[in-house]
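Dear colleague,

I am passing on the structure we spoke about, and below it you will find an account of what came out of going through it. Please read the account with the structure open beside you.

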Amino acid sequence: MARLVAVQPQQRHPSFSLLPPSSLSDFNGTRLLHSQLQCKRRVSQPKVALQVTASSAKKILIMGGTRFIGLFLSRLLVKEGHQVTLFTRGKAPITQQLPGESDKDYTDFASKILHLKGDRKDYEFVKSSLSAEGFDVVYDINGREAEEVVPILEGLPKLEQYIYCSSAGVYLKSDQLPHFETDTVDPKSRHKGKLETESLLESKGVNWTSIRPVYIYGPLNYNPVEEWFFHRLKAGRPIPVPNSGIQITQLGHVKDLATAFIKVLGNEKASKEVFNISGEKYVTFDGLAKACAKAGGFPEPEIVHYNPKEFDFGKKKAFPFRDQHFFASIDKAKSVLGWKPEFDLVEGLADSYNLDFGRGTFRKEADFSTDDIILGKSLVLQS
């Protein structure tokens with residue numbers, strides 16, 4: 001029989017000062033107070049089909065939650081008074097202290113987190129353990145395939161809300177942008193499992209909400225998004241950018257994403273709805289390189305454009321973004337949920353740099369091997 005385990009604080013880090021002070025404003029309770037007051041006013045309204053309310057304490061299960069998105073989401077949920085359990089395999093520390101987080105705040109947070117150890121692909125275990133514990137709300141942060149969701153729903157027949165982290169990568173490539181939630185999707189995309197999960201949730205008749213982020217960035221990002229640029233800027237190297245560099249893309253800060261996840265909790269307007277979540281503005285590849293330089297206090301970078309078709313990089317990825325225009329409208333989330341991003345791009349990149357890479361921490365070591373191939377050919381062409 002599975003049992004919940006209270007988490008002891010792990011991986012204690014030195015206490016860091018907040019850089020800048022506003023960068024963690026949504027995570028020290030200041031702005032949440034206003035949202036909590038708003039939620040409380042909604043409680044007195046007549047109930048509709050959706051029973052869960054964000055202002056009432058709920059028993060919440062996060063599938064995953066030990067890295068990046070979950071680190072910030074779990075803190076917001078705990079601050080709102082919910083009982084939060086993380087379902088993981090237990091291979092990574094269940095909690096970790098965030099850069100900029102005081103020892104006191106971290107200890108208080110860690111003492112309130114519960115852990116349910118297991119493999120989500122062990123479907124019988126998932127069904128039985130969740131049935132034994134019972135949860136009101138599930139945040140599925142790391143789900144990739146629809147079949148992984150079935151035992152969760154079977155184990156929690158009285159589930160009030162299933163909140164799913166999907167991806168804007170489900171949209172069919174189009175010449176007409178930005179992507180809206182009603183756009184045609186691509187059943188053959190590499191995110192087809194997330195698309196199939198959304199369809200499953202709809203077919204099961206449960207109360208669900210799906211969030212579709214574009215590119216996510218911020219402190220502790222395990223994907224080489226901003227980190228890819230920071231490595232090259234720190235080394236004083238040129239930045240190789242495919243083709244013209246005017247391809248338009250979009251990034252959203254992880255803290256803004258976490259806030260959006262909170263906004264849909266108990267919100268009847270979010271019932272059976274999909275929301276794109278990202279930053280307010282779009283940016284070109286060249287513009288992103290310059291924004292990263294500005295955020296980290298580096299000189300404006302030398303940008304070298306290249307034609308990817310002229311190179312064979314093998315299995316290595318020479319650039320961290322898809323070589324196309326790719327961005328989505330966030331108007332629906334703003335109008336329906338009353339959500340809006342706190343961070344503009346340079347401010348958000350500075351937050352990421354100051355609280356992570358600028359402190360000497362990163363997820364992946366620098367690898368300039370593909371850069372050297374590109375730059376080597378560029379030098380030959382110039383000579």
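**Helix α2 and its surroundings**

Within α2, the residues that are buried are Ile69, Gly70, Leu71, Phe72, Leu73, Ser74, Arg75, Leu76, Leu77 and Val78. Please keep in mind that this is a predicted model. Because 10 of the 11 residues of helix α2 (residues 69-79) are buried, the helix is largely enclosed by the rest of the structure. Just after α2 comes Gly81, which takes a positive phi of about 90 degrees.

Several residues of this helix also appear in the largest nonpolar core, which has 41 residues and in which Ile62, Ile69, Leu73, Leu77, Tyr139, Ile141 and Phe261 have the most contacts. Leaving aside residues up to four places away in sequence, Leu73 touches Ile62, Tyr139, Ile141, Ala258, Phe261 and Ile262. Apart from this core lies another, of 36 residues, with Leu251, Ala295, Phe313 and Leu349 among them. In soluble globular proteins, nonpolar side chains tend to be buried together.

As for internal space, the structure holds 1 cavity of 30 Å³ or more, and about 70 Å³ of space lies in the largest cavity. Its lining is made up of Gly218, Asn221, Asn223, Glu226, Glu227, Phe230, Ser352, Asp356, Phe357, Thr361, Phe362 and Arg363, which by class are 3 nonpolar, 5 polar and 4 charged residues. Helix α7 (residues 226-234) provides the largest share of that lining, with 3 residues.

With best wishes

Terms used: Residues numbered from 1 in each chain as written. Predicted model: local features only at pLDDT ≥ 70, side-chain atom pairs only at ≥ 80, totals over all residues. Heavy atoms only, no water. 1 Å grid on protein atoms, 1.4 Å probe; cavity = no way out; pocket = protein on both sides within 12 Å on 5 of 7 lines; lining within 4 Å. Points joined across faces, edges and corners; volume = space filled by probe spheres on them. Helix = DSSP H or I, 4+ residues; strand = E, 2+ residues; numbered from the N terminus. Nonpolar A, V, L, I, M, F, W, Y, C, P; charged D, E, K, R; others polar. Core = buried A, V, L, I, M, F, W, Y, C linked by side-chain atoms within 4.5 Å. Buried < 20%, exposed > 50% of the residue type's maximum accessible area, 1.4 Å probe, protein only. Contact = heavy atoms within 4.5 Å.
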